[in-house]
Amino acid sequence: IEDNTLGNLVHESLKELYAPCIGKELSQELLKEIKGNIEKELTVQFKLQLNTVTLKGNHKLTFEVAKKFIKHQLEHDLSDVKKGHKIVIKELEQDHSCNFKLKINDELEVNFNLFGKIDRIDEKDGAIRIIDYKTGGTLAGDVRNKKLEHLLENKSPKSVQLMLYKYMYWCNHQQKVDSGIISLKNISSGYMKLDKKEWKEDFEELLKFSAHKLLIDNNPLEH
């Protein structure tokens with residue numbers, strides 16, 4: 001199974017399944033109803049993305065793995081709701097961007113334009129959360145208080161991704177927000193929140209470093 005194929009099927013299915021919930025508080029009844037629609041929505045996505053409705057061989061395997069991952073997310077939300085947590089879906093698969101200037105040295109100021117698509121923004125018990133779904137394996141250590149040196153050496157891409165989402169949201173709303181990953185493969189890990197107090201300062205340092213490398217040192221950036 002190609003990661004991007006599985007990821008696209010899961011992401012688009014979750015978007016469509018949860019779309020009727022935008023602006024609503026999640027309830028057990030609503031989540032159970034959504035759970036009953038998983039196979040139907042996955043079938044639609046297979047037709048749209050893979051142009052097939054025949055589930056044999058690799059397609060059958062992909063379908064079953066995608067269904068399992070989607071069920072994991074629904075059961076995760078259902079467990080939170082049963083515990084009394086209040087969850088309201090705010091956005092699903094929306095594009096975000098922000099534009100701003102930073103001085104990268106005493107003489108040069110650079111205009112930055114950041115953009116990215118955020119899988120889900122919700123409000124849990126009054127706190128705004130950015131959620132990035134991962135269909136691959138992710139550990140809490142991947143987003144836990146990474147040193148600036150690790151970020152500059154591109155050793156913690158998942159932390160950088162969460163910092164990007166958090167920075168864009170902060171730029172546009174000037175509001176506190178959490179940013180984290182839910183691994184649909186390792187759902188028992190729950191919501192793995194970016195754990196970094198100096199996230200804003202370090203992210204700006206990373207931007208300055210990248211701009212300096214590209215514009216002054218004339219070195220290409222590594223992805």
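Here is a short chat between a visitor and a guide about the structure above.

Visitor: Before we start, what kind of model is this?

Guide: Residues are numbered from 1 along each chain as its sequence is written, and side-chain values use heavy atoms, with hydrogens and water left out. Local features need pLDDT of at least 70 and side-chain atom pairs count only at pLDDT 80 or more, while totals for chains, interfaces and linings use all residues, since this is a predicted model.

Visitor: How many helices and strands does the chain have, and what pattern do they follow?

Guide: Helices (H or I, at least four residues) and strands (E, at least two) are DSSP runs, numbered from the N terminus. On that basis the chain has seven helices and five strands. Going along the sequence, they come in the pattern α-α-α-α-β-β-β-α-α-β-β-α.

Visitor: What is the radius of gyration of the chain, and what does the globule rule give?

Guide: The radius of gyration is taken over C-alpha atoms, and the globule rule is 2.2 Å times the number of residues to the power 0.38. For 223 residues the rule gives 17 Å, and the chain is close to that, so it is as compact as a globular protein of that length. The C-alpha atoms fill a box of roughly 60 × 40 × 30 Å along the principal axes. The radius of gyration itself is 19 Å.

Visitor: What share of the residues count as buried?

Guide: Buried means under 20% relative accessible area, exposed over 50%, and partly exposed in between (1.4 Å probe, protein chains only). Out of the 223 residues in the chain, the buried share is 43%.

Visitor: What share of the contacts with a separation of 6 or more comes from residues 24 or more positions apart?

Guide: A contact here means heavy atoms within 4.5 Å. Of the contacts in the chain with a separation of 6 or more, the share from residues 24 or more positions apart is 70%.

Visitor: How many salt bridges are there in the whole structure?

Guide: Side chains of opposite charge can pair when their charged atoms come close. A salt bridge here is a side-chain nitrogen of Lys or Arg within 4 Å of a carboxyl oxygen of Asp or Glu. Searching the whole structure with that rule gives 14.

Visitor: Which residue pairs with Glu64 at 3.2 Å, N to O?

Guide: Look in helix H4 (residues 57-82), where the two partners sit four residues apart, about one turn of the helix. Glu64 is partly exposed at 31% relative accessible area, and its partner is partly exposed too, at 37%. Both also belong to a salt-bridge network that includes Glu39 and Lys67. The partner is Lys60.

Visitor: Where does the salt-bridge partner of Asp80 sit?

Guide: Asp80 is in helix H4, and this pair links distant parts of the chain, 44 residues apart. Asp80 counts as buried, at 7% relative accessibility. The closest N and O atoms are 3.2 Å apart, and the partner is Lys124. You'll find Lys124 in strand S2 (residues 109-124).

Visitor: Are Asp122 and Arg129 buried or exposed?

Guide: Their side chains meet in a salt bridge, at 2.8 Å from N to O. As for accessibility, Asp122 and Arg129 are both buried.

Visitor: What is unusual about the phi of Asp125?

Guide: Most residues other than glycine have a negative phi, and most peptide bonds are trans. Asp125 is in the loop between S2 and strand S3 (127-134), and counts as partly exposed at 47% relative accessibility. Although Asp125 is not a glycine, its phi is positive, at about 55°.

Visitor: Where is Gln174, and is it buried or exposed?

Guide: Gln174 also has a positive phi, near 50°, in a residue other than glycine. Its place is the loop between helix H6 (157-173) and strand S4 (178-183). With 54% relative accessibility, Gln174 counts as exposed.

Visitor: Which residues does Gln161 touch, leaving out those up to four places away in sequence?

Guide: Gln161 is in helix H6 and counts as partly exposed, at 23% relative accessibility. Its C-alpha is 9.2 Å from that of Gly116, with their positions 45 residues apart along the chain. The residues that Gln161 touches are Asp132 and Lys134.
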